[in-house]
Amino acid sequence: MNKNAEGWEIRMTEMDLFTGLDLGVMAEIAEGTCQEVGFHEGSVLFEEGDAAAALYILDKGVVLLTIGNGRSVYSLTDRSEIFGWSSLIEGARYTATATASTHVQVIRIDTRKMNRLLEAHPKFG
């Protein structure tokens with residue numbers, strides 16, 4: 001993981017998705033699958049219908065989720081909010097478009113790599 005994102009394994013343990021996960025496994029996930037990424041205002045993180053390959057954790061900024069050409073909008077504003085849930089299902093596609101409403105910092109988790117790590121630790125996967 002990018003050195004600016006170090007320590008995320010501790011914050012991740014506070015998220016429902018990772019509850020009960022061993023700290024050693026959490027460190028492997030943080031080191032092997034996470035990347036800190038920044039997006040400028042107006043940038044599209046992913047589009048509805050794209051192959052879902054990553055889960056995102058909001059660090060800073062505001063992300064808008066829109067469905068069906070902007071008919072439905074939801075704003076992600078809180079640090080540690082998780083989005084891109086479709087990526088947890090193999091072969092799935094994103095069900096919304098995520099756009100940076102401000103400058104945004106996220107942790108991007110490659111879910112294919114994360115699933116491989118969890119499979120290597122069946123007690124936790």
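This tour of a predicted model goes from a four-stranded sheet to a pocket and then to one buried serine.

**Stop 1: the sheet**

Select β2, β7, β4 and β5 and show them as a cartoon. These four strands form an open sheet, ordered β2-β7-β4-β5, with antiparallel pairing. β2 and β5 stand at the edges with a single partner strand each, so one side of each has no neighbour in the sheet. On average, neighbouring strands of this sheet are turned by 25° against each other, direction ignored.

**Stop 2: across the sheet, pair by pair**

Start at the β2 edge. Select residues 44–46 for β2 and residues 97–100 for β7; the two strands pair in the antiparallel sense over two bridges. To find a point of contact between these strands, pick Phe 46, whose bridge partner in β7 is Ala 98.

Next, keep β7 and add β4, residues 63–67. β4 and β7 run antiparallel and are joined by four bridges. Label Val 63 here, and look across to β7, where Ala 100 stands opposite.

Finish with β4 and β5, the latter being residues 72–76. Five bridges link this antiparallel pair. One place to zoom in is Leu 65, which has Tyr 74 of β5 as its bridge partner.

**Stop 3: the second largest pocket**

Stay on Leu 65, and add Phe 83, Gly 84, Thr 95 and Ala 96. Among the 14 residues that line the second largest pocket, these five lie nearest its centre. The pocket has a volume of about 180 Å³.

Which strands supply at least two residues each of this lining? They are β4, β5 and β6, the last of which spans residues 82–83. β5 gives the most, with three residues. Colour the lining by class: ten residues are nonpolar, four are polar and none is charged.

**Stop 4: Ser 86**

Move to the loop between β6 and β7 and select Ser 86, which is placed there. Is Ser 86 buried or exposed? Its relative accessibility is 12%, and the cut-off for buried is under 20%, so Ser 86 counts as buried.

Now show what surrounds this residue. With neighbours within four places in sequence left aside, Ser 86 is in contact with Ala 52, Ala 92, Arg 93, Tyr 94 and Thr 95. Thr 95 links this stop to the previous one: Thr 95 is in contact with Ser 86 and is also one of the lining residues nearest the centre of the second largest pocket.

Technical notes. Residues numbered from 1 in each chain as written. Predicted model: local features only at pLDDT ≥ 70, side-chain atom pairs only at ≥ 80, totals over all residues. Heavy atoms only, no water. 1 Å grid on protein atoms, 1.4 Å probe; cavity = no way out; pocket = protein on both sides within 12 Å on 5 of 7 lines; lining within 4 Å. Points joined across faces, edges and corners; volume = space filled by probe spheres on them. Nonpolar A, V, L, I, M, F, W, Y, C, P; charged D, E, K, R; others polar. Pairing = 2+ DSSP bridges. Axes fitted to C-alpha atoms, helices over the stretch in contact; angles between N-to-C directions. Buried < 20%, exposed > 50% of the residue type's maximum accessible area, 1.4 Å probe, protein only. Contact = heavy atoms within 4.5 Å.
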